[in-house]
Amino acid sequence: MGIIKWSLDAARSTYADQPKEILTCEGLSNDILAVPATQKGKNGRANPVLTDGSVFNVGINQAALLIENGKVHDFVIADSEKNTGQYIYDTNAEPSLLTGGLRNWDSVWKTVKDRFSFGGQSPNTMNLVYLNLKEITGNPVGVGKIPFIDNYLNTRLLLGLHGYYTFRISNPAVFYENLLMDPTRKYRKEEITEQLRVEMMPKISAALAKIAPLCVNGYQDIYAHDEDLAKALNESLGKEWLDSRGIELVKVALNPELSPADSKRVMELENAKTLSNTDMAIGSMVNAQNQAMQNAAGNAHGAVNGFMGMNMAGGGMNASDLLKAKMASQPAPSQASPAASSSAAGSWTCPVCGAVNTGKFCPNDGTPKPAGPKFCPECGHQVEAGAKFCPECGTKLS
C-alpha cells in the first residue's frame, strides 16, 4: 500500500484504463497549513477515502500524506519541481516515501519507517491530506524590557521589542501526528501561532545575547539580523518545535524601542562618543557658536550681554581653544638646519643659463646677481628699478 508516480509506463500497464478518481488540493494559503484532499469533478466531494488506483496531484511546496488510522503511512514531499506531478495510490505497492530535494528529510523517514506492513490489502481506510510547506509569514510577536548589552555605546539597555516572525513545516509527519490528527478538516495557522509566540518570548533574551556581538552599531542593528536571531532561537526551541511539532523558525524581525529614560541616556552617550573626536567636537562647537552669535546679535539687552551668555566674553572654552589644543598636540614639523636655511636663502638662479648660484656673479657666464626689489624709505612702497621718485608719496630716491 503505497504511492507510485503516474507515468507512461504506469499508464501502459496496471493503470491503462482511466483512473477511478482524481484528487486535488484546494485552499492552501498563508493562513491555512493543512487541508483534506478534494475529489475532482461535478460529483466530487471533500475528504474522500482513497481506493486502489486513485490518482492525486501534488504541486510545488506541498506535501501529500496518506493517513491510516491517524498515522502517516506514505507521503510525497514536493519542495522541488522534480517531485511535482500526479501520483497513484496502489494497494500492492510498498510505501515509497517520495521526498524532495532541497531539504534533508531523514528525520521524516525516521518518524515513519517502522510503521509499514509491506504488501497485502489493508482492512483500514486511507485518507489524503495536503500540507503547506511554504514559509508562513506575518506572525506578530512582542516583548517588553529585555536586557541588551550595547557594545557600541558600552552600556546595558532595557528594550521593548515588537515585530513579526516566519516559520515553515519542516517535518510533515510529526506536524500532522502531533498537531492535526484529523484528516477531514482544515488546520489554520492561528490555531498554533499564539502558542508559538508564548513559547518564543522567554527565549528572546538569550537569543539577543548571542547576536549582540554582530550589532556593530548597537541596538539599532537588531532588525538587520532577522535570520541570525531565528537561528539563535531555533537552537533554544529546537526540541520543543522541530521534534514535537515538526516546524522551524525562518526569520524573526524585531524593532527595538527604548524607554524615555534610556532614550535620553542613549542620546547623551552618542553625543559624548561623537565629541570624543576632536574634529567632530570643533565642528559641533563652531556650529553652536555661530548660532549663539546670531542669537546674541538679536539680544534685546545688547550684544555684549549675549556674548557673556554664551561664555565668550568670560574666556570660556570655544572652537578656537579646541583648535589650538589640537595643533599643540600634533608633532612639530621637522626644521632644516640654520646653515642649510641660510644657504637656501642666499641662493639665486641665473636668468641666462639657469644655474643656481650663491655669489654675486654666475660662474658659468659672468651674469651679475639681479638686484632685489626696491622700496621707498619714507612709506615703504615698492618702486620699479631706476625710479627717481616714489610714485606713492613723492619722496626722492637715491
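The following exercises, each with a worked solution, concern a predicted model of a protein chain.

**Exercise 1. The chain as a whole**

Determine how many helices and strands the protein chain has, what share of its residues is buried, and what share of its contacts joins residues at least 24 apart.

*Solution.* Begin with the secondary structure: the protein chain has ten helices and 17 strands. Turn next to burial: of its 398 residues, 37% count as buried. Finally, take the contacts between residues at least 6 apart in sequence; 64% of these join residues at least 24 apart.

**Exercise 2. Aromatic pairs**

State how many aromatic pairs a search of the whole structure finds, and describe the geometry of the pair Tyr165 and Phe167 and of the pair Phe175 and Tyr187.

*Solution.* The search of the whole structure yields three aromatic pairs. One of them joins Tyr165 and Phe167, with 6.4 Å from centre to centre and 35° between the planes. An angle under 30 degrees would count as stacked and one over 60 as edge-to-face, so this pair is classed as tilted. Tyr165 and Phe167 are both buried.

Another pair consists of Phe175 and Tyr187, whose ring centres are 5.8 Å apart and whose planes stand at 90°. This pair is edge-to-face. To place it, note that Phe175 belongs to helix α3 (residues 172-180) and Tyr187 to strand β12 (residues 187-188); the pair therefore ties together parts that are twelve residues apart in sequence. Phe175 and Tyr187 are buried.

**Exercise 3. The surroundings of helix α3**

Establish whether α3 is largely enclosed or not, and name its buried residues.

*Solution.* Count the buried residues first: seven of the nine residues of α3 are buried, and the helix is therefore largely enclosed by the rest of the structure. The residues concerned are Pro172, Ala173, Val174, Phe175, Tyr176, Glu177 and Leu180. After the helix comes Met181, which has a positive phi near 60°.

**Exercise 4. The packing of α3 and α5**

Describe how the axes of α3 and α5 are arranged, and list which residues of the two helices meet.

*Solution.* Two packed helices are described by the angle and the distance between their axes. Here the axes of α3 and helix α5 (residues 226-245) come within 7 Å of each other and cross at roughly 95°. Because this angle falls in the range 65 to 115, α3 is roughly perpendicular to α5. On the α3 side, the residues in contact are Val174, Phe175, Asn178 and Leu179, and they meet Leu242, Asp243, Ser244 and Arg245 of α5. Sorted by class, the contact of α3 with α5 has four nonpolar, two polar and two charged residues.

**Exercise 5. Cysteines**

Report how many disulfides a search of the whole structure finds, and decide whether Cys215 is buried or exposed, and likewise Cys390.

*Solution.* A disulfide is a covalent bond between the sulfur atoms of two cysteines. The search of the whole structure finds zero disulfides. Cys215 has a relative accessibility of 2% and therefore counts as buried. Cys390 has a relative accessible area of 3% and is buried.

**Exercise 6. Positive phi values**

Give the phi, the location and the exposure of Asn69 and of Lys145.

*Solution.* Most residues other than glycine have a negative phi. Asn69 is not a glycine, yet its phi is positive, at about 55°. This residue Asn69 sits in the loop between β6 (62-68) and β7 (71-78). With 55% relative accessibility, Asn69 counts as exposed, since the threshold is over 50%.

Lys145 also has a positive phi, near 55°. Lys145 lies in strand β10 (residues 136-150). Its relative accessibility of 67% makes Lys145 exposed.

**Exercise 7. Distances in sequence and in space**

For Asp90 and Leu50, and for Pro351 and Thr367, give the separation in sequence and in space.

*Solution.* Asp90 is part of strand β8 (residues 85-90), and with a relative accessible area of 11% Asp90 is buried. Asp90 and Leu50 are 40 residues apart in sequence, while their C-alpha atoms are 9.7 Å apart in space.

Pro351 belongs to the loop between β14 (348-349) and β15 (356-357). Its relative accessible area is 60%, so Pro351 is exposed. Pro351 and Thr367 are 16 residues apart in sequence and 8.1 Å apart in space, C-alpha to C-alpha. Leaving aside residues up to four places away in sequence, Pro351 touches Thr367 and Pro370.

How values were computed:
Residues numbered from 1 in each chain as written. Predicted model: local features only at pLDDT ≥ 70, side-chain atom pairs only at ≥ 80, totals over all residues. Heavy atoms only, no water. Phe/Tyr/Trp six-rings, centres within 6.5 Å; stacked < 30°, edge-to-face > 60°. Buried < 20%, exposed > 50% of the residue type's maximum accessible area, 1.4 Å probe, protein only. Helix = DSSP H or I, 4+ residues; strand = E, 2+ residues; numbered from the N terminus. Disulfide = S-S within 2.5 Å. Axes fitted to C-alpha atoms, helices over the stretch in contact; angles between N-to-C directions. Parallel < 35°, antiparallel > 145°, perpendicular 65-115°, else oblique. Contact = heavy atoms within 4.5 Å. Nonpolar A, V, L, I, M, F, W, Y, C, P; charged D, E, K, R; others polar.
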